[in-house]
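Student: I am new to this structure and would be grateful for a close look at a single part of the chain. Please begin with one residue and then relate it to its surroundings.

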Amino acid sequence: MIHLDVETYCELDLKTVGAYRYTSHPSFMVLMAAWAYDDDPVEVTTDPEDIAELMRELWDSGETIVAHNAAFERLVMSRVLGLPPGKYLTPERFHDVMAVAAEKGWPQSLDKLSEALDGERKDSAGTRLINMFSKPNKRLGRRLLPEDKPEEWAAFVEYCRQDVVTSRDAHKALGDFPTETERQVYLVDQHINDRGMYIDVALARAAAKAAEENQIAHELRVRQITGVENPSSVQQMMAWVKSQGLHKLLPNLQSATVKAALRSDQLTAEQREALELRQELALSASKKFSAALEIVMPDGRLRGGFRFFGAHTGRWAGRGVQPHNLPREQFDNDVDMELVIDDLMNGDGASSLDLKRLVRPMFDGPLTVVDYSAIEARVIAWLAGEEWALEAFRDGRDIYVETAERMGGLTRFQGKVAVLALGYAGGVNSLKAMAGSPEALKNIAAPPGVDVSEGEPWEAIAKRMGSPGLTMDEGLQRRVDQYRQANRRIVNLWHRLEEALDAPTQIGRHLSTTESHDSLGRAVHLNLPSGRSITYHGVRWEKYRIQTDDGPKTKESWRYVDPRRGRIGTFGGRLAENATQAGARDVLAEGLIRLHRLGYDVVGHVHDEVLVAGRHDPEEI
């Protein structure tokens, strides 16, 4: 077993462009490499010829190469060993300490991981040294050389050596992946990232140019209307809102708040225009075109778009263009997308909304896209043993209609909102967040048969319902109560999961908890059907202070140390959400393994959706 760490230089910013683009750039070079066989002393070389020889020796040894964030070392070795662009050393020969740390509920950054595991600490000066030697020096107009700062260079070499020691200690403490399946999931993830997705580079360039032109025009017009210097400044725009007497209608500039205000009749034409343009300026979708151009490889592919175990539950996260966060807007049937693209390519520009609609078409096909239908609703019903829901799924019936019927003959819309908003112990606020508009919220709160007219006050609706004085929140609470009455086993799952934090137990047929003790105290493992676990470190019931609109308040709940957010609280509904999303992720992961083994070129996935290169039979996929 070989433990490895490298330090590199490139004119590009690694965090901006990602490891694939970074290691392929002409300015990329390896500054030093530190390595150790098993428990041998760590050696370091800074000689370019020795580094090349070392990489060949390590690869030819046939040993497993262990590193923290091993994907980076793998891409570096691929470049040093002269593999052609777009070809990379196989991930099967590498072991990633960072991936295993994530699997076991620990922080993924090496410094925080070593601290959590009580291992040898990373040098806190590392970031300063990386900025000094691994990035261009703007003052000198070149990279800083060892002879420019010999003492700092010596410290940098020691930092690299220490990284191997720290990573090796972490590897010893963590061990291997929790299951062989999880190791296979990691390997498939690496192959998907290596393969990448084609994009239409010409379209991306034209769209990025149009987005820039739109931004300039929108900013100029907002300045003309409002007089603010920087329309992107929340503080300046809120000052304008108050000067217009709109602060009650617009207590903030969050997207949902502005959308609700735009539906009102309290705005002048210019106020409405300013807010609409401000919304367009805040759109992140058009920024995806420029992001894609920064990281696209010479062969037209975006690589490295998926971060393995990006969430505590095991779900992936997006990187770069953020494929997990693409806008869902599509062109209406009466709009010819090809004509919009032709105009764009001819330099005639495009509206911000059309640019948002073009983000998905930027990804080149052909692609076969399939997804799991209502995957979370299926998984939570299965985990809870909610048999009526499982029967509906088995028979191919509409779960939203079935839920609405069991909630007292509600509409499909009300049943759908309930399924999506209330499965994880959500209440009235969850319904409000899911509704999307005041009119939709009234339709959720009103009983079937009571038609809601646009703009009609809730008080008038309540009178027509025969319930004068009934508040909208009370109407929404009825939906919450009806959902919980209809899904007693799911409600029971919430309670049992929370109780299981206190004492190890079996939870239904498919879940259980066990406990252990480590450097952070008591750890609770929520054991999943796939054989892996979600680990909650430092679990205990405690009181804590929070800041509310009414001032500080004391709360108490179960709390644990989240790998990214520090100490946070949890409860039965959130644990049910964790278990459900983890279970859905494991179904997807198994599907990715099967597709890979059968030779399909999976190029991406988005939560419950898989993208396979080429035209295939969707049923077969």
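Tutor: In this predicted model, Ala425 has a relative accessible area of 23% and is therefore partly exposed, since that class lies between the limits of 20% for buried and 50% for exposed. Ala425 is found in the loop between helix H19 (412-422) and H20. Its backbone deserves attention: phi of Ala425 is near 70°, a positive value in a residue other than glycine. Most residues other than glycine have a negative phi.

The loop leads to helix H20, which spans residues 428-435. The axes of H20 and helix H23 (residues 472-486) come within 9 Å and cross at roughly 100°. Because angles from 65 to 115 degrees count as roughly perpendicular, H20 is roughly perpendicular to H23. On the side of H20, the contact is made by Val428, Leu431 and Lys432; H23 contributes Asp473, Leu476, Gln477, Arg479 and Val480. By class, the contact of H20 with H23 has four nonpolar residues, one polar residue and three charged residues.

To place this part in its wider setting, the nonpolar cores come next. The largest nonpolar core has 86 residues, of which Met77, Ile199, Phe289, Leu344 and Met362 touch the most other members. Helix H9 (residues 201-226) gives the most to this core, with eight residues. Apart from the largest core lies another one, of 56 residues. Among the members of this other core are Ala462, Met472, Leu476 and Val539. Leu476 thus links two parts of the account, as it belongs to the 56-residue core and also takes part in the contact of H23 with H20.

Two further loops may be set beside that of Ala425. His607 is found in the loop between strand E19 (602-606) and strand E20 (609-613). Phi of His607 is near 60°, again a positive value in a residue other than glycine. With a relative accessibility of 37%, His607 counts as partly exposed. The other loop, between helix H15 (352-357) and strand E12 (367-371), holds Pro366. The peptide bond from Gly365 to Pro366 is cis, with omega near 5°. Most peptide bonds are trans.

To return to the starting point, Ala425 combines a positive phi with a partly exposed position in the loop between H19 and H20.

Key. Residues numbered from 1 in each chain as written. Predicted model: local features only at pLDDT ≥ 70, side-chain atom pairs only at ≥ 80, totals over all residues. Heavy atoms only, no water. Axes fitted to C-alpha atoms, helices over the stretch in contact; angles between N-to-C directions. Helix = DSSP H or I, 4+ residues; strand = E, 2+ residues; numbered from the N terminus. Parallel < 35°, antiparallel > 145°, perpendicular 65-115°, else oblique. Contact = heavy atoms within 4.5 Å. Nonpolar A, V, L, I, M, F, W, Y, C, P; charged D, E, K, R; others polar. Core = buried A, V, L, I, M, F, W, Y, C linked by side-chain atoms within 4.5 Å. Buried < 20%, exposed > 50% of the residue type's maximum accessible area, 1.4 Å probe, protein only.
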